[in-house]
Amino acid sequence: MTIDPLTMVVVDILGKYVVDKGATLLKEAGQSAAQAASLLFEKAMARLKADPAEARNAERFEQNPEGYRIPVAEAIAEKVKNDSDFAAQLTALLEDYKKAIITVDTSNVNTNVSATQGSAAAGKGGVAVVGNVQGGISISNRQSGRSLEANDP
């Protein structure tokens, strides 16, 4: 069975959430993201547990998310394929999660600022990066001419 990208993203979030019931997400991404992941988890697991054929894998996933990732992904993909309302609900919850992850409190852009729980802060002329970054990041200061690359010590 081919698993659509929506389902894989949902299962990735479920796996991150179930490991410690969102404690790590809370620390890394803040309250809104952890809450959105919780709602996504509850919706997906309730749907799987309502189906006697999938309930056992859903329970096992909660104990061993990596070991039962594929069976749960296949089950969610099947439910999404056959139920457009469920697909729309997951999509909406996923969008809420994405918004929570990328929300930046722009009121923290000032001098002598600090960032807390999922927010980002930058001093005057500073740069704040939120989320995962792949590849290099170049930051240059026109006044000093110094350029910092991702691999600089």
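**Salt bridges in close-up**

D51 is partly exposed, with 21% relative accessible area. That residue opens this set of views of a predicted model.

**View 1. D51 pairs up with K79 in a salt bridge.** Here the two side chains come to 2.5 Å, N to O. D51 sits in the loop between α3 and α4 (52–63), while K79 belongs to helix α5, so to speak a partner from another stretch of the chain: the two are 28 residues apart and link distant parts of it. Is K79 buried or exposed? K79 is buried, because its relative accessible area is 14% and the limit for buried is under 20%. D51, at 21%, counts as partly exposed.

**View 2. R69 and D12 meet in a salt bridge.** The N to O distance between these side chains is 2.5 Å. Take a look at where the partners come from: R69 is in helix α5 (residues 69–82) and D12 is in helix α1 (residues 5–20). With their positions 57 residues apart in the chain, this is a pair that links distant parts. R69 has a relative accessibility of 22%, so it counts as partly exposed. D12 is partly exposed too, at 33%.

**View 3. R47 reaches D83 through a salt bridge.** This time the side chains are 2.9 Å apart, N to O. R47 lies in helix α3 (residues 31–49), and D83 lies in the loop between α5 and α6 (84–102). The two are 36 residues apart, and again the pair links distant parts of the chain. As for R47, its 27% relative accessibility makes it partly exposed.

**View 4. K21, K49 and E62 form one network.** What joins these three residues? Salt bridges that share partners do the job. Over the whole model, the count of salt bridges comes to six.

**View 5. Stepping back, the protein has six helices and two strands.** Starting at the N terminus, you meet the elements in the order α-α-α-α-α-α-β-β. Of the 153 residues, 29% are buried. Now for the contacts between residues at least 6 apart in sequence: 52% of them join residues at least 24 apart. The accessible surface comes to about 9,800 Å², and carbon and sulfur atoms account for 48% of that.

Key: Residues are numbered from 1 along each chain as its sequence is written. This is a predicted model: local features need pLDDT of at least 70, side-chain atom pairs count only at pLDDT 80 or more; totals for chains, interfaces and linings use all residues. Side-chain values use heavy atoms; hydrogens and water are left out. A salt bridge is a side-chain nitrogen of Lys or Arg within 4 Å of a carboxyl oxygen of Asp or Glu. Helices (H or I, at least four residues) and strands (E, at least two) are DSSP runs, numbered from the N terminus. Buried means under 20% relative accessible area, exposed over 50%, partly exposed in between (1.4 Å probe, protein chains only). Contact means heavy atoms within 4.5 Å. Accessible areas come from the Shrake-Rupley method with a 1.4 Å probe; for residues, only the protein chains shown count as cover.
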